[in-house]
Amino acid sequence: MVKLFEPATFRGVELRNRIVVSPMGMYSAENGYVTPFHLVHYGQFAMGGAGLVYVEQTSVSRPGRITNGDPGLWEDGQIEGMAAIARGIKAHGAKAAIQINHGGRKSGQQRAFRGNGPLTDRDREMGEESWQARGPSDRPLGEGWPTPEPLTPDGLVGVRDAFVAACRRAVLAGFDVIELHMAHGYLLQSFLSPLANFRTDDYGGGLENRMRFPLEVARAVRAALPSATPLFVRISATDWIDGGWEIEDSVIFARELKALGVDLVDCSTGGNLVAGATNSNLKRGPAYQAPFAAQVKREAGIATGAVGMIRTPDLAEKLLQDGDADLIYLARQMLYDPYWARHAAEHFGLTGDFEDWPEQYGWWLAKWGGALRAAGETL
Ligand SMILES: Cc1cc2nc3c(=O)[nH]c(=O)nc-3n(C[C@H](O)[C@H](O)[C@H](O)COP(=O)(O)O)c2cc1C
């Protein structure tokens, strides 16, 4: 039995397989609104056979955007564009997820493909807007980065309510799964990590205090979502830095998330400080983050997603067979091959003659494949 192609069900939402297109910011929204680019971009992954297709990190507020090119769900007008994407994904048999985020002290930076650093005067001359970033404390991400303004108690309530409102809009747009972004140094993760959170109130200090705000957000969102809508959370399982957030903290946090009704923890890592200082203990390699998904699953008793340099169907299958994770997330490999899931099914001999492909393609490919075979060639 190939586990990668076994359906997985969360709160009654059935994924046709365990292949997930990981959230990937495209930095191509206009004024917080998605464009035809996004419609085509996300639709191709659903046609390519994935079980769950994520729409990229989407901001709860205008100043919560990481870049000028981030989409948002901070106003009702943004629902329709997102709804078209969700419909497009679902029309091709995948389920649609969306990742909801606030950029925190990383808000207001360059689009990744334009440098991924703080905005420069040149960026501003090119029309990029800049704004005041907010965070748990006034500690910038690193040298040369803007100093964030610490969120006040009222500010925290505002951000929590913005998460709830954005998640409600995501449900109205037709998304099947909602994910809260609590990884990569953005606002919610920066509350968790002792490398970013230097507050002296109830939201800083010991682990319990640092978990308080992210858990308040998750609890409020869970309460606002329909009970049939799964809630996932992406974490950075470790900061990869001595004295930072560690896997043991992630296990404790995942237990808390599970208790309040979170259905899956998607285990990424890092992102808390800029390159150079960041990830000092990190060694990248195939599936290098999967051991964290395995540990969270085993010790917190919650479903997990494994992500990071998982490229081959055999490796994806092995992680599932070993019980390391419930879902396999792929990012860059999906950009390279949006039909990865269909090619993986071929690899395992689960489809012979393109019968599972969109019928508009499959009929032709079956005939063409036959003709090529007759001529001694293959597709
Ligand atoms: C273009 C691009 C954009 C990304 N944007 C996001 C994002 O919006 N949210 C997120 O949690 N991770 C984001 N990531 C990280 C990926 O989801 C994934 O965790 C990472 O790329 C490792 O997986 P991979 O080795 O399969 O690429 C992004 C990655 C890429 C390549």
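Start by selecting Ser250: it is buried, with a relative accessible area of 0%. What you have open is a predicted model, so keep that in mind as you click around. Ser250 sits in helix H7. Show everything around Ser250 and, once you skip residues up to four places away in sequence, you will find it touching Ile235, Ser236, Ala237, Trp245 and Val296.

**Stop 1: H7 against H8**

Val296 is a handy lead, since it is one of the H8 residues in the contact with H7. Select H7 as residues 247–259 and H8 as residues 290–300; they pack at an angle of about 50 degrees, and their axes are 9 Å apart. That angle makes H7 oblique to H8. Which hand does the crossing have? H7 passes H8 in a right-handed crossing.

Now turn on side chains. From H7 the contact takes Ile247, Glu248, Ser250, Val251, Ala254, Arg255 and Lys258, and from H8 it takes Phe292, Gln295, Val296, Glu299 and Ala300. Colour them by class and you should get six nonpolar, two polar and four charged residues.

If you wonder about the spacing of such residues, an α-helix has 3.6 residues a turn, so residues three or four places apart point the same way.

**Stop 2: H7 against H6**

Keep H7 and add H6, residues 207–224; the two axes come within 11 Å and cross at roughly 40 degrees. The H6–H7 crossing is right-handed. For the contact itself, pick Leu207, Met211, Pro214, Leu215 and Ala218 on H6, then Asp249, Ile252, Phe253, Glu256 and Leu257 on H7. How many charged residues does this contact of H6 with H7 hold? There are two, alongside eight nonpolar and no polar ones.

**Stop 3: helix H1 and its cover**

Jump to H1, residues 36–47. Its twelve residues should span 16 Å at 1.5 Å a residue, and the end C-alpha atoms are 17 Å apart, which agrees. Highlight His38, His41, Tyr42, Gly43, Phe45, Ala46 and Met47, which are buried in H1.

What covers the buried residues of H1? The cover includes two strands you can switch on, S3 (19–21) and S4 (52–59). It also includes helices H2 (79–90), H10 (332–336), H11 (340–347) and H12 (359–374). After H1 comes Gly49, with a positive phi near 100 degrees.

**Stop 4: Asn17**

Gly49 leads you to Asn17, because Gly49 is among the residues Asn17 touches and Asn17 is itself buried, with a relative accessible area of 3%. Asn17 is in the loop between strand S2 (13–15) and S3. Beyond residues up to four places away in sequence, Asn17 touches Leu4, Phe5, Glu6, Pro7, Gly49, Ala50 and Gly51. Try a distance label from Asn17 to Phe5: they are twelve residues apart along the chain, with C-alpha atoms separated by 4.4 Å.

**Stop 5: Ala166**

Next, select Ala166 in helix H4 (residues 153–172). Is Ala166 buried or exposed? It is buried, at a relative accessible area of 0%. Setting aside neighbours within four places in sequence, Ala166 is in contact with Val60, Leu73 and Ile100. For a long-range label, go from Ala166 to Leu379: 213 residues apart along the chain, their C-alpha atoms are separated by 45 Å.

**Stop 6: Met309**

Select Met309 in the loop between strand S11 (303–307) and helix H9 (313–321). Met309 is partly exposed, with a relative accessible area of 33%. Its contacts, leaving aside neighbours within four places in sequence, are Arg284, Gly285, Pro286, Ala287, Tyr288, Leu315 and Arg332. Label Met309 to Pro286 as well: the two are 23 residues apart along the chain, yet their C-alpha atoms are separated by 4.9 Å.

**Stop 7: two positive phi values**

Finish with a backbone check. Asn116 has a phi near 65 degrees, a positive value in a residue other than glycine. Look for Asn116 in the loop between strand S5 (95–101) and helix H3 (121–125); at 43% relative accessibility, it counts as partly exposed.

Then go to Phe354, in the loop between H11 and H12. Phe354 also has a positive phi near 65 degrees, and it is not a glycine either. Where Asn116 is partly exposed, Phe354 is buried, with a relative accessible area of 9%.

Key: Residues numbered from 1 in each chain as written. Predicted model: local features only at pLDDT ≥ 70, side-chain atom pairs only at ≥ 80, totals over all residues. Heavy atoms only, no water. Axes fitted to C-alpha atoms, helices over the stretch in contact; angles between N-to-C directions. Helix = DSSP H or I, 4+ residues; strand = E, 2+ residues; numbered from the N terminus. Parallel < 35°, antiparallel > 145°, perpendicular 65-115°, else oblique. Left-handed = near helix turned anticlockwise from the far one by under 90°. Contact = heavy atoms within 4.5 Å. Nonpolar A, V, L, I, M, F, W, Y, C, P; charged D, E, K, R; others polar. Buried < 20%, exposed > 50% of the residue type's maximum accessible area, 1.4 Å probe, protein only. Expected span 1.5 Å × (residues − 1).
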